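Colleague: Could you take me through one buried charged side chain in this model, and then through the parts around it in your account? I'd like the contacts and cut-offs spelled out.

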Amino acid sequence: MDNVKELRERLLIKKKNGGRILAEEEIRNAEKFSKGYKIFLDEGKTEREAIFFAVNEAKKNGFEEFNKEREYKPGDKIYCVNKEKFLILAVIGKNGLGNGIKMAIAHVDSPRVDLKPRPLYEDSEMAMFKTHYYGGIKKYQWTAMPLSMHGKVVKSDGSHVDIKLGENPDEPCFCITDLLPHLARQQMGKKMSEAITGENLNVVAGSFPLRGDEGKDSVKLNIMRLINEKYGITEEDFISAEIEMVPAYKAQDIGFDKSLIGAYGHDDRSCAYPCARAVIDFEGIPQDTIMSVLVDKEEIGSEGNTGMKSLFLKYFVGDLAGKYGIKGRDVLRKSKCLSADVNAAFDPNYSGEYEAANSCYINRGAVITKYTGSGGKSGTSDASAEFMGEIRNKLNAENVLWQTGQLGKVDAGGGGTIAKYVANLCVDVVDVGIPVLSMHSPFEIISKIDLYMLYRAVISFFK
Ligand code: MN
Ligand code: MN
């Protein structure tokens, strides 16, 4: 029996809680990294704002806009923006594109409530906005909480105005009402999915009528007057606008030990930030060309010309490959990708929906997820044993704290990531991310250690 301990050590996977096993210095590094991340969260609550932030950071660090006419040499730093919502950051490697590209891709759109094209109306002398939610939300979570308004409006003369209102304490915020419990006997008896409907998600926009006006809809008119004074827009301008209602509060530490961060938008900015930083902060010239890609529209199926299903990345790689006299498809075939997206952290409040052995846990590091999908792995690209082996060995060699994960127990539900669209380009890809509690809620929770370990994982992959 002497060798039992040795056998256990050699043969079995050990539980590794970063809070217990990491050196003090690593924990300090995680704390430092998370400070920058919280600024990114507060400044980048929409896909446009997140891309704007990342581009600015890249420019500050020597990245230049991609120019098809230019030649590139190892060490050159490039950024390329697609319609303000999709960003490619790249550093040219010593091998150029000969060995393919190492990519890390994350999304910067998050679940939220969007204004409809004709949002403003008056009901019972209240001015309200009609909305259409974006992504998979539990609607009841978005009522009775402060919301801020972010977006872009294109006016009739073709000029545009950016809106960001409700983030500062001296600015007004907005809110979706909910029924008081006293009158909610019928509502409380309904299924959670039906208690609040999509058409219930109307936002309070104001309540004062236009003074001296006895006409119809004078509250609506007054609010439109104020909007016009502030932004110079008319009711018709809302038709050419993208306005997102998002939680108005800022990211904040959680717990006496401040080990966690609560915020809106960890899915997927907790992966977008480490991916962008890993390219921006990369020291020296990488062997192979490295690239981080921040994409839009993941939460609604990666559709559209700013989503991962678009051909933007493929065309960019083709353009870059052309400079080396090779074909984009030959580069993509040799390329490798970390699809960086969050996974469901095991939640002690809802343990019944998880399968303990294969779930990911807060503080155990970056999560490698071999497959996502639902109903028998449907809708996943399912990373190969070979690529899983390569990533696992790399992370071990670089001493990165990591774990495996899956999205809940079999048939509890499921979901997908952008991985399968990258796989369609013939690229080897696996999901790597961060465990999140309360995913898709207005206040998600992650661990600082896991955030930092994803950053280290991406850098290790790039090396
Ligand atoms: Mn996601
Ligand atoms: Mn999501």
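Modeller: Let's begin with Arg 269, which is buried but takes part in no salt bridge; Glu 47, the nearest side chain of opposite charge, is 5.1 Å away. Here a salt bridge is a side-chain nitrogen of Lys or Arg within 4 Å of a carboxyl oxygen of Asp or Glu. For charge, Lys and Arg count as positive and Asp and Glu as negative, while His and the chain ends are not counted. Buried means under 20% relative accessible area, exposed over 50% and partly exposed in between, with a 1.4 Å probe and protein chains only.

Please keep in mind that this is a predicted model: local features need pLDDT of at least 70, side-chain atom pairs count only at pLDDT 80 or more, and totals for chains, interfaces and linings use all residues. Residues are numbered from 1 along each chain as its sequence is written, chains are lettered from A and ligands numbered from 1 in the order in which they are written, and side-chain values use heavy atoms, with hydrogens and water left out.

What Arg 269 does have is a polar contact of 3.4 Å between its side chain and that of Ser 110. Such a contact is a pair of N or O atoms within 3.5 Å; within protein, one must be able to donate a hydrogen and the other to accept it, and residues adjacent in sequence count only if both atoms are side-chain atoms. Arg 269 sits in helix 8, residues 266–280. Helices (H or I, at least four residues) and strands (E, at least two) are DSSP runs numbered from the N terminus.

Now to the metals. Asp 267 coordinates both manganese ions, ligand 1 and ligand 2, which are 3.3 Å apart. Donors are N, O and S atoms within 2.8 Å of the metal (3.2 Å for Na, K and Ca), and sites may look incomplete because water is not among the atoms.

For the manganese ion (ligand 1), the protein donors are His 107 (NE2), Asp 267 (OD) and Asp 341, which appears with two OD entries, at 2.1 to 2.6 Å. Their spacing along the chain is H-x159-D-x73-D. His 107, in strand 4 (residues 101–107), and Asp 341, in the loop between strand 15 (336–340) and strand 16 (343–344), are 234 residues apart, so this pair links distant parts of the chain. Both ends are covered: His 107 is buried at 1% relative accessible area, and Asp 341 counts as buried at 8%.

The manganese ion (ligand 2) has as its protein donors Asp 267 (OD), Glu 299, listed with two OE entries, and His 440 (NE2), again 2.1 to 2.6 Å from the ion. In sequence these follow D-x31-E-x140-H. Glu 299 lies in the loop between strand 14 (289–295) and helix 9 (312–322), and His 440 in the loop between strand 20 (435–436) and strand 21 (444–447); the two are 141 residues apart and link distant parts of the chain. Glu 299 and His 440 are both buried.

Back to charge pairing. Although Arg 269 has no salt bridge, the count for the model comes to 37. One of them joins Lys 448 and Glu 31 at 2.8 Å, N to O. That pair also links distant parts of the chain, with Lys 448 in helix 13 (residues 448–462) and Glu 31 in helix 3 (residues 24–43), 417 residues apart. Lys 448 is buried at 3% relative accessible area, whereas Glu 31 is partly exposed at 26%. Both belong to a salt-bridge network that also includes Lys 35, Lys 38 and Asp 253.

Another salt bridge pairs Lys 152 with Glu 84, their closest N and O atoms being 3.1 Å apart. Lys 152 is in strand 7 (residues 147–154) and Glu 84 in the loop between strand 2 (77–82) and strand 3 (86–91), so the pair ties together parts 68 residues apart in sequence. Lys 152 is buried at 14% relative accessible area, and Glu 84 is partly exposed at 37%.

Strand 7 also belongs to an open, antiparallel sheet of seven strands in the order 8-7-11-5-6-10-9. Strands pair if DSSP finds at least two bridges between them. Strand 8 (160–165) and strand 9 (175–176) are the edges, each pairing on one side only. Within the sheet, two bridges join strand 5 (residues 112–123) to strand 11 (residues 241–247), and Asp 114 stands opposite Glu 244 in strand 11.
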